[in-house]
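Thanks, I have one structure to go through today. I will take it piece by piece and keep to the coordinates. Here it is.

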Amino acid sequence: MSIIPLVFTSGWASGINAYAVVLLLGLFGRFGGADSVPPVLERTDVLVAACLLFLCEAVADKIPYVDTVWDGIHTVIRPAAGATVAALMASHDPGSLGEVAAGAVGGTTALVSHLVKASLRMAVNTSPEPASNIIVSLLEDLSVAGVVTLAIFHPWVAASVAAVLLALGVLLVLFAVSRIRRFLQRRKERRAARTATAPAY
């Protein structure tokens, strides 16, 4: 079976929540008998680390402005995770796709997905109430869990769903650009105001 759809899907999901992807794939490989999952993801230390980091993300991702800082930190981590998971899958199934090619597909997809997520969350942060952050974060977690689970059993269907969600996300970002610009302008003004009122030593 070709791993291309699983590489693409895991890349898309890694751009949203890389720790959930590693945790879910590892659990499916270890307890669900998923042959497409590399054994390294099934290791106990990997699962424990992924679980702890997922819990940290589950909290940070639901707090306004903290989620934006978290996304900024993960601009490198999520694409790297997407590329690594994809390369591991290719090494586990060497006949279907080269490790470098798989890493490029997974990393690039994760980067685009991450940029879409981060941009949309900046737009959500322009809302004065925190409930929207919690709702959007829960929807992201559920979509990652659902699509990764689907990818284990029906990889091409999952890849199609991930492609549609990625395209919709890009369109939403285009519509949200003006809100994001206003958000960034307000942050710049607040930073300038804090600098102006800071006592001189």
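I start with Tyr65, which counts as partly exposed because its relative accessibility is 39%. What you have on the screen is a predicted model. Tyr65 sits in the loop between H2 and H3. Its phi is positive, near 75°, and the residue is not a glycine. For background, most residues other than glycine have a negative phi.

Pro64 belongs to the loop between H2 and H3 too. With a relative accessibility of 27%, Pro64 is again partly exposed. Look across from Pro64 to Ile134: the two are 70 residues apart in sequence, yet their C-alpha atoms are 8.8 Å apart.

There is another positive phi to point out. Gly33, which follows H1, has a phi near 70°.

Now the charged pairs. How many salt bridges does the structure hold? The count is 9. The general idea is familiar: side chains of opposite charge can pair when their charged atoms come close.

Asp61 pairs with Arg121, with 2.9 Å between the closest N and O atoms. Asp61 is in the loop between H2 and H3 and Arg121 is in helix H4, so this salt bridge ties together parts that are 60 residues apart in sequence. Are these two residues buried or exposed? Both Asp61 and Arg121 are buried.

Arg121 has a further partner. Its side chain meets that of Glu140 in a salt bridge, at 2.9 Å from N to O. Here too distant parts of the chain are linked, Glu140 being in helix H5 and Arg121 in helix H4, 19 residues apart. Why do we call this pair buried? Glu140 counts as buried because its relative accessibility is 12%, which is under the 20% cut-off. Arg121 has a relative accessibility of 0%, so Arg121 counts as buried by that cut-off as well.

These contacts are part of a network of salt bridges, which links Asp61, Asp67, Lys117, Arg121 and Glu140.

Set against that the salt bridge between Asp45 and Arg43, where the closest N and O atoms are 2.5 Å apart. Asp45 is partly exposed, at 43% relative accessible area. Arg43 is partly exposed, also with a value of 43%.

Next, the helices, beginning with H1. It has 28 residues, and a straight helix of that kind would reach 40 Å at 1.5 Å a residue. The end C-alpha atoms of H1 are only 23 Å apart. If you look for a bend, there is a kink of about 130° in H1, centred on Asn17. As for its surroundings, 22 of the 28 residues of H1 are buried, so the helix is largely enclosed by the rest of the structure.

H3 covers residues 66-92, which makes 27 residues. From its first C-alpha to its last it reaches 37 Å, close to the 39 Å expected at 1.5 Å a residue. H3 also has a kink, of about 55°, centred on His74.

That leaves the pockets. The largest pocket holds about 410 Å³ of space. Its lining is made up of 18 residues, and those nearest the centre are Val116, Leu120, Glu140, Gly169 and Leu172. Which elements give two or more residues to this lining? They are helix H1 (4-31), helix H4 (99-124), helix H5 (131-153) and helix H6 (155-197). Sorted by class, the lining has 13 nonpolar, 3 polar and 2 charged residues. Glu140 therefore turns up twice in this talk, as a partner of Arg121 in a salt bridge and as one of the residues nearest the centre of the largest pocket.

The second largest pocket has a volume of about 220 Å³. It is lined by 13 residues, and Val22, Leu41, Val46, Thr84 and Val85 are the closest to its centre. At least two lining residues come from each of H1, helix H2 (44-60) and H3. The classes here are 12 nonpolar, 1 polar and no charged residues.

To close, two items to keep in view while you turn the model. One is the salt-bridge network that includes Arg121. The other is the kink in H1 at Asn17.

How values were computed: Residues numbered from 1 in each chain as written. Predicted model: local features only at pLDDT ≥ 70, side-chain atom pairs only at ≥ 80, totals over all residues. Heavy atoms only, no water. Helix = DSSP H or I, 4+ residues; strand = E, 2+ residues; numbered from the N terminus. Expected span 1.5 Å × (residues − 1). Bend = angle between axes of the 7 residues up to and from the residue. 1 Å grid on protein atoms, 1.4 Å probe; cavity = no way out; pocket = protein on both sides within 12 Å on 5 of 7 lines; lining within 4 Å. Points joined across faces, edges and corners; volume = space filled by probe spheres on them. Nonpolar A, V, L, I, M, F, W, Y, C, P; charged D, E, K, R; others polar. Salt bridge = Lys/Arg side-chain N within 4 Å of Asp/Glu carboxyl O. Buried < 20%, exposed > 50% of the residue type's maximum accessible area, 1.4 Å probe, protein only.
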